[in-house]
Structures are given as C-alpha cells and as structure tokens.
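Me: I have a model open and would like to go through its pockets, cavities and helix packing. May I put some questions to you as I look?

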Amino acid sequence: LKLCFLEICAMSFDWQANWMTEEHLMFKESTRKFMEAEIAPNADRWEEQGFVDRDFWLKAGSSGLLGASAPAEFGGAEVDQSFDALTIYEQARVGDAGWGFGVHNICVHYLMAFGSDEQKSRWLPGLIAGEIIPAIAMTEPGTGSDLQAVKTTATADGNDYVINGSKIFITNGQLADLVIVVAKTDKEAGASGVSLIVLEPNAAVGFQRGRNLKKLGMKGQDTSELFFENVRVPRENLLGEHEGRGFFQLMNQLGWERLVIAIGAVGAMDGMMRETVGYVRTRKAFGQRLMDFQNTRFKLAEAKTKLEATRSFVNECITKVIGGNLGSVDGAMAKWWGSQMQCEVADECLQLFGGYGYMMEYPIAKAYADARVQKIYGGSNEIQKELIARSLDAD
C-alpha cells in the first residue's frame, strides 16, 4: 500500500485532458511561465496594497491572456473558451486569487454575446489589451443570490438612463474603467424588469467608489462598494436590443461563470497538493518523515481522489463548452462540487502542515483563506443545489 501510494504522489499535479490539442499545451506552457514570472514575485505586495498593479493587466493583455476567445478583429485569438479555462487554471495553480481575471473574462463574454457591433468595437479592444479593467455589479447590500430582487434602478430620461442604488462585494471595483450594472428598468416587472447597462465610471457624475473591503482571503483583489446617485448613462449603453432582457442574459452566462469557479478550484487543489506532498516528504516527526505515517498517506489519498474526481467532471464540462452545449445545471454541479472539494482539500492539507499551516507565510494558509468564498460567490452552493433539484423535479 505504501509503495502504491508513493507512486500516486510521484504523479505531477497538473491538468491533462483529452480535449487538449498541441495548441492548448503550448498555450498552457506559455501561460504558466507568465504566471510564475509575473504573479509569484508580486503577490505579497499586491496583498499588502489591496489591488493588482495596472501594469500587470497590460502585460497580461500583451501576452494574449485577456482575449483568447474573442474575435480577431478586436485583438483576440478567436479560439474557444477552453483556452480561457487554461488561464484560470494556471492562475489558481500558482496560488493566486487576487487578479480579477475571472470577472474580466465574464464581462468580455457578456459583450461578445449581447453587445451591439458599436459596443464591441468601442470596448473589446481595450479590454483585450488590458487598458480597460471591467467589473460586473450584481450584488447589493440586501440582495445576494436573488438577482430578481435588485433595488438599483435605471430610469429612462430622454436619451439617458438615470441610475440610483448601491452595490457591494464588487470584484475590480476600485480600478474598474467599465462596470456592467444590473438594474431594474421596470420596478414592477420582477425578473422581466432587469436590464444590463454599461457604465464608464471615469465619465460618470454621481458615481462613487466606497471602501476597498477587507476580506478573509483574496486580499490582493480589490473588492468594493459602489454607489450611484442620479448617474446619467447614455441609453445606447444598454446591453441587448431591448430592456428587460438582463435576467435572461445573466442566466445565459452563469453556466460559464460557475464553471470558471470550478476550474479555479482544480488549479488551487493542484497547487495545494503539490506544496503539501513536498512538505510531508521532508518534514520529520518522531524520527520519520510525515509521509511515512499511515494517517498522512490516507489523508493525501483521499484528497487526491477528490481532486481527480473533480477534474474529471470539469473536463467533461469543458468538452461541452467546446461543443457549445454546456447547460446551466452542469455549471451548478461543477461549481458546488468543485468549491466544496477545494475547501475540504485545503483543510486537510493545512492540517498536515501542523502549526506552520496556520502561519500566513506558508502558501497553504493563504490557499485555505482564499478557498472559503468559492462556496459563496457566483450563487451560493445552497442555490446551486436548489437549481439541480429543480432540474430533477422537472423531468
């Protein structure tokens, strides 16, 4: 058993999948080198200052990471979203949760899916180059996963919308040059009254950024309160041809958004397992390596199995993305399972570090703190289970 497990631990903690082509492998390798060269040396400083340097966004853009799946006419590589998945994975694998790439990627796909030709030409090139940092403003102080209940309003007035309300927990909020605002254009219409409106903060009178919120983890990521007081936005900034399509647009993209969370979970687990196996191989207690204790081997065997089971399902979901048939329930299952496994693996790995695992100078402590919010954002895991259950009841 011991020899068999040592063979398992000798396996590299890396992402392999049948859907990966030679182009995927080349992209993954170049992305890994970028993350190791540009994120690893700066992550501690970003955590201290509470945001990622703008220069880093520009470097990511020039390296082709910000628009892999966008059309070539806007500066993208015009490949499918599986390449974006590799960027998400490599960021998590290097141990970073500060750079708001996931939100950037989601915003790009909202524009690609629902933006007019003029909107795409206006915003996509800057987003892909890293010159425009985006955010999506969904959550409100009294409204979390229930997006139908948002209270922020966008009232038509001539050629403008007048936006009033507030948002909270907005990733990239301090630096954002473009914010996709979820607002009610019809307060009486429920889900049918929700619209998505693009705000350019630097030109918006009445828009204010609140605090850069202090968080349990993800300390390098700026996460903000946003306030709107009679903010005028041109009506041409509405995403889609008609008002009231926002809830449909959100649901249309949430499958990918939730899969993004699961992909990050796989990357984070690979990074945690790599660190932990390296540690228990060298750390000694009672005259032998931690790796030589049966409890250590069993805990790592359980964690490895959780990781590989998650990877297998995420790979299946990415295959569906490539084929254009990822369902919302697929995303819900991937999100809740991946984030749950990430938290469980983080807890077990930290335990194997003993007291050192509780010290923030050790990457496992940071990984543990970063993991917890995965079960909350993107729709809480309780919401994901409800969505899955509804699909069973509908059959």
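Me: Which residues lie nearest the centre of the second largest pocket, and how many residues line it?
Reply: Please note that this is a predicted model. The second largest pocket is lined by 15 residues, and Gln81, Asn252, Gln253, Trp256 and Leu326 lie nearest its centre.

Me: What volume does the second largest pocket have?
Reply: Its volume is about 250 Å³.

Me: Which helix gives the most to that lining?
Reply: α8 gives the most to the lining of the second largest pocket, with five residues. At least two residues each come from α6 (101-114), α8 (246-282) and α9 (294-323).

Me: And how do the residues of that lining divide by class?
Reply: The lining of the second largest pocket has nine polar residues, five nonpolar ones and one charged one.

Me: Trp256 is in that pocket. Which helix contact is Trp256 part of?
Reply: Trp256 belongs to the contact between α5 and α8. On the α5 side, the contact is made by Asp84, Ala85, Ile88, Tyr89, Ala92 and Arg93. On the α8 side, the residues are Trp256, Val260, Ile263, Gly264, Val266, Gly267, Ala268, Asp270, Gly271 and Arg274. By class, this contact of α5 with α8 has nine nonpolar, three polar and four charged residues.

Me: At what angle do the axes of α5 and α8 cross?
Reply: The axis of α5 (residues 82-93) comes within 7 Å of that of α8, and the two cross at roughly 40°. The two helices are therefore oblique to each other. Their crossing is right-handed.

Me: Moving on to α9 and α10: what are the angle and the distance between the axes there?
Reply: α9 and α10 pack at about 160°, and their axes are 10 Å apart. That angle makes α9 roughly antiparallel to α10. Here α9 passes α10 in a left-handed crossing.

Me: Which residues of α9 and α10 meet?
Reply: From α9, the residues are Thr296, Lys299, Leu300, Ala303, Lys306, Thr310, Phe313, Cys317 and Lys320. They meet Asp330, Met333, Ala334, Trp337, Gly338, Met341, Glu344, Val345, Glu348 and Leu352 in α10. The contact of α9 with α10 comprises ten nonpolar, three polar and six charged residues.

Me: Met333 caught my eye. Which residues does α10 bring to its contact with α12?
Reply: Met333 is among them, together with Val329, Ala332, Lys335, Trp336, Ser339 and Gln340. In α12 they meet Asn381, Gln384, Lys385, Leu387, Ile388 and Ser391. The residues of the contact of α10 with α12 divide into six nonpolar, five polar and two charged.

Me: Why are α10 and α12 called oblique?
Reply: The axes of α10 (residues 328-352) and α12 (residues 381-394) come within 9 Å and cross at roughly 140°. Angles over 145 degrees count as roughly antiparallel, so α10 and α12 are oblique to each other. α10 passes α12 in a left-handed crossing.

Me: Changing topic, how many cavities of 30 Å³ or more does the structure hold?
Reply: The structure holds two of them. The largest has a volume of about 60 Å³, and the second largest has about 30 Å³.

Me: What lines the largest cavity?
Reply: The lining consists of Ala43, Trp46, Glu47, Val52, Asp96, Ala97, Gly98, Met218, Lys219, Gly220 and Lys366. Helix α3 (residues 43-49) gives the most to the lining of the largest cavity, with three residues. By class, the lining of the largest cavity has five nonpolar, two polar and four charged residues.

Me: And which residues line the second largest cavity?
Reply: The second largest cavity is lined by Val52, Trp57, Gly98, Gly100, Ile133, Asn172, Leu175, Gly220, Gln221 and Asp222. Val52, Gly98 and Gly220 thus belong to the linings of both the largest and the second largest cavity. The lining of the second largest cavity divides into four nonpolar, five polar and one charged residue.

Conventions
Residues numbered from 1 in each chain as written. Predicted model: local features only at pLDDT ≥ 70, side-chain atom pairs only at ≥ 80, totals over all residues. Heavy atoms only, no water. 1 Å grid on protein atoms, 1.4 Å probe; cavity = no way out; pocket = protein on both sides within 12 Å on 5 of 7 lines; lining within 4 Å. Points joined across faces, edges and corners; volume = space filled by probe spheres on them. Helix = DSSP H or I, 4+ residues; strand = E, 2+ residues; numbered from the N terminus. Nonpolar A, V, L, I, M, F, W, Y, C, P; charged D, E, K, R; others polar. Axes fitted to C-alpha atoms, helices over the stretch in contact; angles between N-to-C directions. Parallel < 35°, antiparallel > 145°, perpendicular 65-115°, else oblique. Left-handed = near helix turned anticlockwise from the far one by under 90°. Contact = heavy atoms within 4.5 Å.
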